Amino acid sequence: MFHENTSADCLTTVTTSTEDGAFQTKGRNTRLLSPEEAERLAKDRVLVSDFKQLKLEKEAQKNWDLFYKRNSTNFFKDRHWTTREFQELKACREFADQKLTILEAGCGVGNCLFPLLEEDLNIFAYACDFSPRAVEYVKKNALYSTERCKVFQCDLTKDDLLENIPADSVDVVTLIFVLSAIHPDKMHLVLKNIYKILKPGKCVLFRDYGLYDHAMLRFKSGSKLGENFYVRQDGTRSYFFTTGDCQMFVYFICLLFLLLFMGGCLLDRQDFMELLLLYKLHVYSIMQQEQKFLNLLDFIQICCINEKEQSSVKVQ
Ligand SMILES: C[S@@+](CC[C@H](N)C(=O)[O-])C[C@H]1O[C@@H](n2cnc3c(N)ncnc32)[C@H](O)[C@@H]1O
């Protein structure tokens, strides 16, 4: 069982603006541990075996699908807080009745999607989840209409969102209690994927479990997969975010935009590579405590290579 009436969660808005690099984090403060809780967490050091961890990763989609088979649409409560907590949904409009296009990434059975469509009549929503059952439940919901939404099955870490959504066409992407369900080594793939369909200057709204949430403290020993990462009895997994993680997302998305922006030959190659290196070092200094920064650096490396390949075509 897991609960989402969280005492500590991370609430982050990333605005992909290349002009002012603006972003906000509205993260709650990390919950303070009692001495007993701190001792219990410190003692819980044994990790689930590599073999079992690999199996869990391979079967992630199956385990979530079975979760929806068992619980149908009855598990998560409808989330009526999105417009209240994410003022950006209103603020990102240039005029009051402007139609917004959103993507609810990892939509589950639509507990966030449908309240949002009811509250705001000027939204077209794409929604996706990798559980086929969850997608079917969304389609069967009385509020589902193809005029207002398009739901599709998609593994955000593997399947290209461009197969279902045009490039640079979405105003707001919501990631609500979704990244926590994804292996920390693969979270950057999700960001890379959503970046392709997001309009420049628009928003990623992220809400998820924060470090030392009660849900984290309820895990029994034998459930730990890694730093702040646990498995539930049903095989679904949950990561608990630190504020450093949220900063990493912000830097990662800013970096992607930097690449796009600078790749347009605003700088010469030398300057571009130097700037990239500076950025890389900056990300490194923030994230050096984190295992995940290695993936980020790998990705930056890949971007550099692609950028170089591109430059041989584009630049005289
Ligand atoms: C805790 S639920 C949250 C569902 C929904 N966002 C909500 O707020 O009710 C996490 C969801 O993420 C989905 N998910 C996990 N990994 C995914 C992936 N790699 N690609 C797409 N969806 C994924 C699961 O199927 C599940 O529906």
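How far is an oxygen atom of the ligand from an N or O atom in the side chain of Tyr68? In this predicted model, the gap comes out at 2.5 Å. Arg79 does something similar: an N or O atom in its side chain also sits 2.5 Å from a ligand oxygen. Leu156 joins in through its backbone, where a polar atom is 2.9 Å from a nitrogen of the ligand. Taken alone, the ligand would expose 590 Å², and the protein buries 98% of that.

Here are those polar contacts side by side:

| Residue | Part of the residue | Ligand atom | Distance |
|---|---|---|---|
| Tyr68 | side chain, N or O atom | oxygen | 2.5 Å |
| Arg79 | side chain, N or O atom | oxygen | 2.5 Å |
| Leu156 | backbone, polar atom | nitrogen | 2.9 Å |

Zooming out a little, 21 residues surround the ligand, and Tyr68, Arg79, Gly106, Asp129 and Asp155 come nearest. Sorted by class, that shell holds 12 nonpolar, 4 polar and 5 charged residues.

Now for the space itself. The ligand takes up the largest pocket, which holds about 560 Å³ of space. Its lining runs to 36 residues, with Trp64, Phe130, Val178, Ala181 and Ile182 lying nearest the centre. By class, the lining splits into 17 nonpolar, 8 polar and 11 charged residues.

Which pieces of secondary structure supply at least two residues each of that lining? They are helix H2 (50–58), helix H3 (60–71), strand S4 (123–129) and strand S10 (237–239). H3 gives the largest share, with 4 residues.

Definitions and conventions: Residues numbered from 1 in each chain as written. Predicted model: local features only at pLDDT ≥ 70, side-chain atom pairs only at ≥ 80, totals over all residues. Heavy atoms only, no water. Near = heavy atom within 4 Å. Polar contact = N/O pair within 3.5 Å; in protein donor to acceptor, adjacent residues only side chain to side chain. Areas by Shrake-Rupley, 256 points an atom, 1.4 Å probe, with all protein chains shown as cover. 1 Å grid on protein atoms, 1.4 Å probe; cavity = no way out; pocket = protein on both sides within 12 Å on 5 of 7 lines; lining within 4 Å. Sits in = over half its atoms within 2 Å of the grid points. Nonpolar A, V, L, I, M, F, W, Y, C, P; charged D, E, K, R; others polar. Points joined across faces, edges and corners; volume = space filled by probe spheres on them.
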